[in-house]
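Subject: Handing over a structure

Hello,

Here is the structure I promised to pass on. Please open it first, then read my notes alongside it.

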Amino acid sequence: MNESTIEGSSAERWVDPICQPLAVDAQRPFVRLPDGGLIAVEGNATVVSNDNGVSWQAPRPIYRGEGPGLPSPGPGIPRNAGQLLATRDGALVFVWIDERVLNWDDSCGEPGADARGDLWAIRSLDNGETWVDRQRLFQGVCGHPPINMIETVNGRIVVTNQYYLRRPGRNVIRVYSSGDGGKSWRGSNIIDLGGHGHHDGAFEPTFVERQDGTLWMLIRTNWDRFWEAISCDEGLSWRTIRPSSIEASTSPGYLARLQSGRLFLVWNRLHPEGTDSYARRSGQLSEDEASWHREELSVAFSQDEGASWSAPRVIAREKDAWISYPYVFEHAPGQLWILTGQGDLRLRAAEEDLLDG
């Protein structure tokens with residue numbers, strides 16, 4: 001989405017001493033291959049590392065045909081232009097937005113007539129050497145690539161899609177899932193919270209599977225907290241949609257299930273730590289004024305499936321610059337990589353250190 005950022009500030013960044021710099025020169029997301037190597041997507045290609053991201057082999061093309069549906073960053077696409085998943089059956093599934101054009105007609109408060117951005121999927125059965133079953137899941141105007149993608153305990157692949165509806169222009173969410181390893185897909189009902197603006201509505205969700213088999217989604221909103229949605233059928237439908245107990249600025253979080261069984265949340269809180277207010281913005285962004293606090297990145301753990309959380313811990317802070325759009329990769333049990341799309345924060349930390357520090 002075309003957010004006006006304040007990146008590039010010369011402000012000095014503070015990082016929690018428990019966290020260490022992460023020297024990995026590749027784009028997220030990362031996936032572990034059966035032989036222990038890492039694979040990541042770089043535009044219309046995959047790259048592989050056999051030394052935990054220190055070095056990467058030559059890129060291998062994903063799709064060799066003509067567009068549309070070319071896995072390429074393109075204009076306005078963030079660094080995490082899609083999501084890559086390795087299934088338990090050994091397939092790789094990649095879901096991405098093709099070349100995206102996002103413009104907003106301020107005169108009517110709607111996406112421009114030529115706005116576009118479709119959601120596509122493709123899969124590989126040989127660790128990324130070749131790719132098959134390329135297909136378009138959604139045709140319209142996607143606002144942001146999926147934040148994450150999971151495989152449920154029963155083997156269903158689930159991924160979210162955020163896109164624009166018109167009259168009034170706003171963001172909504174529809175979930176796509178596959179029960180055959182990414183060969184075919186099915187869409188859910190639409191999650192529509194209303195609103196009007198190019199940063200209004202329901203957008204940039206993150207989700208996990210809980211131990212009871214339900215899927216739990218946290219949705220970015222402009223209403224001072226994440227909203228939550230719950231699916232009891234592996235993403236085919238979402239019937240419980242309501243405000244959550246987690247306060248947040250209008251910024252996406254990243255929710256992950258760690259190998260320890262804990263849930264791990266990385267997000268921008270509603271206000272800077274130790275304060276109870278922050279400047280608000282609205283206008284063409286949204287109907288309601290919202291906090292755009294992104295100068296701190298916080299983490300928290302839950303040991304009871306999100307019913308309660310540890311006290312939030314700030315792991316990075318920067319004055320007048322954004323650190324947001326987090327991503328988490330557990331590259332070994334209890335060893336976390338934490339990266340951001342805005343601010344390009346790249347850290348590594350041990351789960352136990354973050355819990356005990």
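Below is what was found, from the whole chain down to single side chains.

**The chain as a whole**

Please keep in mind that this is a predicted model. The protein chain has one helix and 30 strands. Its C-alpha atoms fill a box of roughly 50 × 50 × 45 Å along the principal axes. The radius of gyration is 19 Å. A compact globule with 357 residues would come near 21 Å, so the chain agrees with that picture. Buried residues account for 57% of the 357 residues.

**A record to go with it**

UniProt, in an unreviewed entry, places the feature "domain: Sialidase" at residues 91-336. That span is 0% helix and 48% strand. The C-alpha atoms at its two ends lie 24 Å apart.

**Two sheets to look at**

A reminder before you start: strands of a sheet pair through backbone hydrogen bonds, either parallel or antiparallel.

Begin with the open sheet of four strands in the order 7-8-11-12. Its pairing is antiparallel. Which strands stand at the edges? They are strand 7 (82-86) and strand 12 (132-138), and each pairs on one side only. Neighbouring strands here are turned by 15° against each other on average, direction ignored.

Now zoom in on strand 11, residues 119-124. Four bridges join strand 11 to strand 12, and the two run antiparallel. Trp120 stands opposite Arg136 in strand 12. Remember Arg136, as it comes up again below.

The other sheet is also open, with four strands in the order 18-19-20-21. Here too the pairing is antiparallel. Strand 18 (203-209) and strand 21 (240-247) are at the edges. Each has a single partner strand, so one side of each lacks a neighbour in the sheet. The twist averages 30° from one strand to the next. Strand 18 pairs with strand 19 (residues 215-220) over five bridges, in the antiparallel sense. Look for Phe203, which stands opposite Arg220 in strand 19.

**Salt bridges**

Side chains of opposite charge can pair when their charged atoms come close. How many salt bridges does the structure hold? The count is 18. Here are some of them.

- Arg136 and Asp118 form a salt bridge, with their closest N and O atoms 2.9 Å apart. This pair links distant parts of the chain, 18 residues apart. Arg136 lies in strand 12, and Asp118 lies in the loop between strand 10 (110-111) and strand 11. Arg136 is partly exposed at 36% relative accessibility, whereas Asp118 is buried at 8%.
- Asp133 and Arg123 meet in a salt bridge at 2.6 Å, N to O. They too link distant parts of the chain: Asp133 is in strand 12 and Arg123 in strand 11, ten residues apart. Asp133 is partly exposed, with a relative accessible area of 29%. Arg123 is buried, with 11%.
- Arg346 and Asp344 meet in a salt bridge at 3.1 Å, N to O. Arg346 is buried at 17% relative accessible area. Asp344 is partly exposed at 39%.

There is also a network of salt bridges. It links Arg269, Glu273, Glu296 and Arg317.

Strand 12 is a good place to pause. Arg136 in strand 12 bonds to a loop residue, Asp118. Asp133, also in strand 12, pairs with Arg123 in strand 11. Those are the strands that four bridges already join.

**Cysteines**

A disulfide is a covalent bond between the sulfur atoms of two cysteines. How many disulfides does the structure have? The count comes to zero. Why does Cys108 form none? The closest cysteine sulfur, in Cys142, is 20 Å from the sulfur of Cys108, which is too far for a bond. The cut-off used is 2.5 Å.

Are Cys108 and Cys19 buried or exposed? Cys108 is partly exposed, with a relative accessible area of 40%. Cys19 is buried, with 6%. The cut-off for buried is under 20%.

**Where to start**

Find strand 12 first, at residues 132-138. Then pick out Arg136 and follow it to Asp118. After that, move to strand 18 and find Phe203 opposite Arg220.

Best wishes

Notes
Residues are numbered from 1 along each chain as its sequence is written. This is a predicted model: local features need pLDDT of at least 70, side-chain atom pairs count only at pLDDT 80 or more; totals for chains, interfaces and linings use all residues. Side-chain values use heavy atoms; hydrogens and water are left out. Two strands pair if DSSP finds at least two bridges between them. Axes are lines fitted to C-alpha atoms, for helices over the stretch in contact, and angles run from 0 to 180 degrees between N-to-C directions. UniProt positions are given in the numbering used here, feature names are shortened, and annotations may be inferred rather than shown by experiment. Buried means under 20% relative accessible area, exposed over 50%, partly exposed in between (1.4 Å probe, protein chains only). A salt bridge is a side-chain nitrogen of Lys or Arg within 4 Å of a carboxyl oxygen of Asp or Glu. The radius of gyration is taken over C-alpha atoms; the globule rule is 2.2 Å times the number of residues to the power 0.38.
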